Amino acid sequence: MAATELRGVVGPGPAAIAALGGGGAGPPLVGGGGGRGDAGPGSGAASGTVVAAAAGGPGPGAGGVAAAGPAPAPPTGGSGGSGAGGSGSAREGWLFKWTNYIKGYQRRWFVLSNGLLSYYRSKAEMRHTCRGTINLATANITVEDSCNFIISNGGAQTYHLKASSEVERQRWVTALELAKAKAVKMLAESDESGDEESVSQTDKTELQNTLRTLSSKVEDLSTCNDLIAKHGTALQRSLSELESLKLPAESNEKIKQVNERATLFRITSNAMINACRDFLMLAQTHSKKWQKSLQYERDQRIRLEETLEQLAKQHNHLERAFRGATVLPANTPGNVGSGKDQCCSGKGDMSDEDDENEFFDAPEIITMPENLGHKRTGSNISGASSDISLDEQYKHQLEETKKEKRTRIPYKPNYSLNLWSIMKNCIGKELSKIPMPVNFNEPLSMLQRLTEDLEYHELLDRAAKCENSLEQLCYVAAFTVSSYSTTVFRTSKPFNPLLGETFELDRLEENGYRSLCEQVSHHPPAAAHHAESKNGWTLRQEIKITSKFRGKYLSIMPLGTIHCIFHATGHHYTWKKVTTTVHNIIVGKLWIDQSGEIDIVNHKTGDKCNLKFVPYSYFSRDVARKVTGEVTDPSGKVHFALLGTWDEKMECFKVQPVTGENGGDARQRGHEAEESRVMLWKRNPLPKNAENMYYFSELALTLNAWESGTAPTDSRLRPDQRLMENGRWDEANAEKQRLEEKQRLSRKKREAEAMKATEDGTPYDPYKALWFERKKDPVTKELTHIYRGEYWECKEKQDWSSCPDIF
């Protein structure tokens with residue numbers, strides 16, 4: 001009866017009681033008896049648990065938790081235990097992870113730390129190989145049944161996990177929810193400023209106050225334990241005195257029931273007292289040990305940072321020494337070149353990265369056109385004066401610009417900068433929230449980079465003339481790949497556009513199209529783009545750029561859908577971009593890779609094209625930057641195969657069905673289709689001396705050229721970007737800080753107005769884009785910004801009264 005009554009009295013149920021059993025080590029054992037949900041919240045407690053708790057023995061609690069049935073999908077496998085670790089992580093231990101339908105669930109070692117859940121094949125593997133990591137700040141945690149739960153971050157990563165028991169699953173879920181809440185809070189705090197101090201640099205005073213608070217709470221807990229024991233004994237004595245009184249038989253029965261329940265309450269209290277006592281002893285024993293371990297880890301991190309910094313510097317010295325050994329012997333007295341080129345190479349080789357403050361004066365070491373160059377001055381100029389001087393400088397070139405587009409920009413100056421000194425505190429942060437100097441930039445904004453997608457617009461012109469929808473899809477696929485060709489050498493970062501910044505490209509007379517971009521959101525960064533052509537197509541997109549610095553590499557993930565509509569046929573194509581990875585951030589030569597898959601869908605006919613961007617591998621025999629694809633009809637039949645690289649060319653050939661060995665149809669082999677291959681796209685060669693001009697293409701060189709009549713929010717009018725293009729990087733950095741501070745003040749003003757409107761109960765309109773309207777896309781059903789018109793009409797009238805002052 002004691003076990004039966006315990007289910008009705010003790011709320012937490014078998015998990016709590018089994019865990020409290022005599023303070024025993026380890027999780028409760030999973031048994032087959034004791035069904036779930038017998039009587040209220042508590043169910044299935046075995047009597048052995050109560051006996052162990054009463055005796056105060058050290059043995060583990062014997063559970064009565066039933067093993068639940070398999071989850072619907074994926075099917076469940078075996079089970080295993082999991083326990084908390086002591087390596088400084090929030091939690092670590094064994095879990096079973098679903099792999100595939102052949103292997104099912106496999107035992108993996110999971111570590112929860114700093115808002116990240118990572119897993120390894122074994123505990124020993126933690127030192128060298130991580131099999132996967134998921135960020136809990138953007139993850140959803142779903143409980144399937146008693147032992148299974150799912151962690152997903154929206155489709156990119158999904159972990160199907162299973163714990164050894166319901167108790168163990170609940171411990172993991174609780175720890176994950178707490179870690180997620182903390183990660184979300186830290187993410188929200190990081191939105192306020194991109195240059196916050198890292199968590200490892202917590203103020204020592206705050207840490208000491210926290211330790212003192214914890215110590216006082218432990219003392220309070222010890223006092224409560226003594227009070228529970230004292231009052232429990234008094235209650236038991238009072239009940240014994242009641243039984244000795246002469247009372248009616250019915251009263252004696254009730255008193256007996258109360259006595260039994262009081263006994264069970266005392267047993268449970270004893271179990272809790274034992275657990276609290278053990279916790280107190282462990283806390284007192286290991287407190288100093290934990291503090292020493294924490295200090296040791298901090299010292300190790302500092303030593304690691306210093307070691308990496310030294311390695312980076314040594315690598316740069318070796319690289320310069322090698323460059324000097326291969327270049328300097330060629331500069332013999334017999335081979336006399338231009339004075340400026342010799343000066344440039346000499347200063348570049350002799351630069352020393354150890355001195356972070358050392359730099360070279362741009363105009364003295366670079367060659368630039370006389371009508372474009374600036375002479376450096378000793379004083380910094382204000383934002384207003386720089387705007388005026390830059391405008392005046394370019395106004396006299398207006399007529400020449402209309403007749404002939406520029407083919408060069410001032411050469412990139414050779415500034416020495418210690419990369420590691422800036423990037424070591426940025427690991428794991430959102431790149432758009434890190435205050436970066438212009439030394440890592442190229443003199444173009446993200447809006448201008450987005451417009452570069454139109455460099456091979458003639459592919460869409462040819463696609464618009466195709467009568468066959470499958471052939472048209474081949475050209476659309478080639479256009480999709482061509483947008484990555486400019487990135488192969490472009491390792492510099494474009495300027496983050498200010499909120500409300502725009503960029504127009506009017507090539508209606510020359511090429512038959514015109515384009516408009518606008519920065520419609522700042523956090524997260526999002527840009528809307530609309531291009532229309534008189535050759536019969538419209539291209540629109542809204543791209544959100546998310547980027548993370550991972551220590552050795554930088555991942556750039558564009559989010560958003562690209563739409564291409566052909567007016568004559570009504571064919572509507574959509575696709576998304578792949579992930580861009582910048583390797584060797586700290587040590588070595590920077591290089592860029594594209595990886596992932598793109599699915600291009602014709603929403604009118606149902607035709608599809610699947611493009612695969614093969615990631616680079618040292619062990620692969622395939623050509624680097626390879627792209628393959630297949631064009632299929634709605635039934636899934638392949639009509640065209642695509643082959644090429646994203647930096648050079650794309651070809652296609654028609655797939656002809658041939659009779660297979662068993663009489664069935666088979667695809668035509670690649671070597672048999674050599675004669676039928678058609679060149680869809682080939683990259684244009686880079687301009688002369690492109691390596692000195694940020695590896696810009698012919699189109700990119702013209703994007704920042706000054707034009708009259710543009711909106712006052714156009715990227716060409718950004719003073720920091722213009723100063724940087726002309727080699728005045730120190731002034732550009734100061735101007736960049738001014739613009740960012742101005743944008744920060746504008747955001748705080750909008751937030752204050754919104755808060756005041758909420759308090760007053762008056763309606764408040766949040767920020768709205770000027771030329772784009774946010775609404776549901778009729779095809780993809782996504783909320784996106786679609787061009788609402790009026791920009792080109794305003795330009796014709798030169799009516800920019802609605803434009804904000806952002807520069």
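User: Which residue in β20 does Lys-612 stand opposite?
Analyst: This model is predicted, and local features need pLDDT of at least 70, side-chain atom pairs count only at pLDDT 80 or more, while totals for chains, interfaces and linings use all residues. Residues are numbered from 1 along each chain as its sequence is written, and side-chain values use heavy atoms, leaving out hydrogens and water. Strand β19 (residues 608-613) pairs with β20 in the antiparallel sense over six bridges; two strands pair if DSSP finds at least two bridges between them. In β20, the residue opposite Lys-612 is Thr-628.

User: How many bridges join β20 to β21?
Analyst: Strands (E, at least two residues) and helices (H or I, at least four) are DSSP runs, numbered from the N terminus. β20 and β21 make a hairpin with five residues between them, and Gly-636 in the turn has a positive phi of about 95 degrees. Lys-626 stands opposite Thr-645 in β21. The two strands run antiparallel, and the number of bridges joining them is seven.

User: Is β20 mostly covered or uncovered, and how many of its residues are buried?
Analyst: Here buried means under 20% relative accessible area, exposed means over 50%, and partly exposed is in between (1.4 Å probe, protein chains only). Strand β20 spans residues 626-632 and is mostly covered. Of its seven residues, the number buried is five.

User: Which helix gives the most to the largest nonpolar core?
Analyst: A nonpolar core is a set of buried Ala, Val, Leu, Ile, Met, Phe, Trp, Tyr and Cys residues joined through side-chain atoms within 4.5 Å. The largest one has 66 residues, and Leu-539, Trp-575, Ile-600, Leu-611, Phe-613 and Leu-642 touch the most other members. With nine residues from the stretch 469-482, the top contributor is helix α14.

User: Which residue of β21 (residues 638-645) would I find among the contacts of Leu-611?
Analyst: Contact means heavy atoms within 4.5 Å. Leaving aside neighbours within four places in sequence, Leu-611 is in contact with residues including Ala-477, Val-481, Ile-600, Val-627 and Thr-628. Strand β21 covers residues 638-645, and the contact there is Leu-642.

User: What is the average twist in the open sheet of seven strands?
Analyst: The strands of this sheet follow the order β4-β3-β2-β1-β7-β6-β5, with antiparallel pairing. Its edges are β4 (132-135) and β5 (140-143), each pairing on one side only. Angles run from 0 to 180 degrees between N-to-C directions, using lines fitted to C-alpha atoms as axes (for helices, over the stretch in contact). From one strand to the next, the twist averages 35 degrees.

User: Which residue of β4 is the bridge partner of Ser-118?
Analyst: Strand β3 (residues 116-120) is joined to β4 by four bridges, and they run antiparallel. Within β4, the partner of Ser-118 is Thr-133.

User: How many disulfides does a search of the whole structure find?
Analyst: A disulfide is a covalent bond between the sulfur atoms of two cysteines. In this search the cut-off is a pair of cysteine sulfur atoms within 2.5 Å. Cys-130 is partly exposed at 38% relative accessible area, whereas Cys-147 is buried at 13%. The number of disulfides found is zero.

User: Which residue in the loop between β25 and α15 has a positive phi although it is not a glycine?
Analyst: Most residues other than glycine have a negative phi. The loop in question lies between β25 (678-682) and α15 (698-703). The residue there has a positive phi of about 60 degrees and counts as partly exposed because its relative accessibility is 30%. Its name is Tyr-695.
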